[in-house]
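Colleague: Please take a close look at one part of this model for me, the pockets and what surrounds them. I would like one connected account rather than a list.

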Amino acid sequence: MGGDRGGRTRLGALLGAGLLLAACAQTGGVTTTGGVTTTGGVTTTGGVSGAGGVSGAGAEDGAGTAGAARAERAPSPPATTSPAAPAASPSPSPSGASATPAPGSGVTSSATPRSTPSASVGKGEGALQVLTYQGHVEFGSSGSRINWVSPFEERSGCVVRVDRVRTGEEMASRFAAGTYDVVSPSPDLAGLLVADGKVAPLDTSLIPEYRHIPKRLRELPGLREDGRVYGVPYLWGVNRVIYEGDGTRKAEALYAGAPAGIRDSPLSIADAALALARTRPDLDVDDPFQLTPAQLDAAADLLAEGDGPDRVYWNDSLDLVRALSSGPVRIAQALPYHLDLFRRAGRQMKVAPEGPVTGWVDSWMVSATSASPNCAYRWLDWMASEGAQRPAAAWTGLAPANPEACGGHARRICDTYRVRDGKGLRDVLFASRPARDCGSGGEGGGGTCTDYADWTERWKDLVK
């Protein structure tokens, strides 16, 4: 997502006090002053266990790593990223602690995933540099029970330093300039890192918790290339169209010209393309994230036709709440989490009928130049476990990739996303980075599609 989120109160804290429910229920703005948030006459501070168990509590108590910044990232679809990045640098030799585990580091290297490990992960190097989005990793700074870093440090001996970013562009820049061991990119950036050799292929036999993640998520194209696995799924979400008013409205109504809320990301073009797949079969849209020039033009035109001064391009959940609570917007792109919030606040929100929807998965990857591959593998295993994903899901409002995390404070989130029975994964077209080469298919394109740079250019023309 684009846009700076600095100065906003963390959504998990708002939820913990029941405040966002008040925001959803009432008209009028949401303001923050000195860490105290006021909405419609309701004033509170964050960090209080909240309604419905959606508070982020559930992790073990602990102080976490000193000196790290507080997380402030609200549940959000993928952030936008720069269309290009520096060329790949070579993987280090075993003596340099390769991110693709090598015998000298205590972890056995593997070009493809192994069904049985040939070695166990060696002793941790003592430190781990983590790059992620704000809100995706918590260590107790937002409340002693909102902490899934300290348990990892205690069991691994790896001291974690977390750097957080607000946008995909910031993540791409920080990763290129830094010395990180692990990174949690959105799909558009993940595809770029894999293509440029910036992240290492993984030996999944050395990640025991990996097997608990559904096959559908493990085999997403954006996390694999040439038979190699590069990413371990962490949290996922889907984009739905929610609305208020009489009658039944289809997802295409989002582009009909009425004031609407649309997430501010080039990947929103895929949702418009998906609408065209239903209304313009002549365009032959198969994968909304791989579009020919003609299909991209049509999707961009659909978005432009419904544009106007009352359309809101939202960057985070508070933007969306404001738009639907105090403005003319009555239909919007949103997460199942948002729909649940509004309904619990007494708003008569409806959701467009079931059907194919777009979604995304945030994953964990290991840098190709990691100085701590053993700690990195231990981190990936921990972040794939229910012990980490349960509090992460409860705190972010996103679905855990590991269904075994669906207990405690994450139960309501899992029910909202239908995680436990796997039905929530049906009919979801998960995002991947748009690329020129889209195989032998593609209407009129002979396998030539548009890439992310094309999408970004079209989006900038729309959102000025």
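**Pockets, cavity and their surroundings**

Modeller: Aspartate 226 lies in the loop between E7 and strand E8 (228–229), and that is where I will start. The model is predicted. Aspartate 226 has a relative accessibility of 74%, over the 50% cut-off, so the residue counts as exposed. Its phi is near 55 degrees, a positive value in a residue other than glycine. A second aspartate has a phi near 55 degrees, again positive in a residue that is not glycine: aspartate 284. Aspartate 284 is in the loop between helix H7 (268–279) and helix H8 (293–305). At 47% relative accessibility, aspartate 284 falls between the cut-offs of 20% and 50% and therefore counts as partly exposed.

Strand E7 leads on to the pockets. The largest pocket has a volume of about 500 Å³. It is lined by 25 residues, and those closest to its centre are Pro221, Gly222, Gln290, Ser432 and Arg433. Four elements give two or more residues to this lining: helix H5 (187–195), strand E7 (224–225), strand E17 (428–430) and helix H14 (452–462). H5 has the largest share, with five residues. By class, the lining of the largest pocket divides into 15 nonpolar, four polar and six charged residues.

Ser432, one of the residues closest to the centre of the largest pocket, sits in the loop between E17 and H14. Its relative accessibility is 16%, under the 20% cut-off, so serine 432 counts as buried. Leaving aside residues up to four places away in sequence, serine 432 touches Pro187, Phe289 and Gln290. Gln290 is also among the residues closest to the centre of the largest pocket.

Helix H14, which gives two or more residues to the lining of the largest pocket, also holds lysine 460. With 53% relative accessibility, over the cut-off of 50%, lysine 460 counts as exposed. The C-alpha atoms of lysine 460 and proline 266 are 8.2 Å apart, although 194 residues separate the two along the chain.

Enclosed space comes next. The count comes to four cavities of 30 Å³ or more. In the largest cavity there is about 100 Å³ of space. Its lining includes Pro185, Ser186, Pro187 and Ala190, along with Leu220, Pro221, Gly222 and Leu223. Val361, Ser363, Phe430 and Ala431 also line the largest cavity. H5 and strand E15 (357–366) each supply at least two residues of that lining. By class, the lining of the largest cavity has nine nonpolar and three polar residues, and no charged ones. Pro221 and Gly222 line the largest cavity and are also among the residues closest to the centre of the largest pocket. Pro187, which lines the largest cavity, is one of the residues that serine 432 touches.

H5 also meets helix H4. The buried residues of H4 (residues 168–177) are Gly168, Met171, Ala172 and Phe175. They span an arc of only 100 degrees around the axis, which places them on the same side of H4. An α-helix has 3.6 residues a turn, so residues three or four places apart point the same way. The partners of the buried residues of H4 are strand E4 (127–133), strand E5 (159–165), strand E6 (182–183) and H5.

The second largest pocket has a volume of about 370 Å³. Among its 19 lining residues, the closest to the centre are Arg240, Pro336, Glu354, Thr416 and Arg418. Strand E9 (232–238), helix H10 (336–344) and helix H13 (411–417) each give at least two residues to the lining of the second largest pocket. H10 has the largest share, four residues. This lining has eight nonpolar, three polar and eight charged residues.

For the setting as a whole, the protein has 14 helices and 17 strands. Of its 464 residues, 57% are buried. Among contacts between residues at least 6 apart in sequence, 76% join residues at least 24 apart. The protein exposes about 16900 Å², and carbon and sulfur atoms supply 49% of that area.

Definitions and conventions:
Residues are numbered from 1 along each chain as its sequence is written. This is a predicted model: local features need pLDDT of at least 70, side-chain atom pairs count only at pLDDT 80 or more; totals for chains, interfaces and linings use all residues. Side-chain values use heavy atoms; hydrogens and water are left out. On a 1 Å grid over the protein atoms alone, a cavity is a set of points where a 1.4 Å probe fits but cannot get out, and a pocket is an open set with protein on both sides within 12 Å along at least five of seven lines; lining residues have an atom within 4 Å of a point. Grid points are joined across faces, edges and corners, and a volume is the space filled by probe spheres set on the points. Ala, Val, Leu, Ile, Met, Phe, Trp, Tyr, Cys and Pro count as nonpolar, Asp, Glu, Lys and Arg as charged, and the others, Gly among them, as polar. Buried means under 20% relative accessible area, exposed over 50%, partly exposed in between (1.4 Å probe, protein chains only). Contact means heavy atoms within 4.5 Å. Accessible areas come from the Shrake-Rupley method with a 1.4 Å probe; for residues, only the protein chains shown count as cover. The arc is that of the directions from the helix axis to the C-beta atoms.
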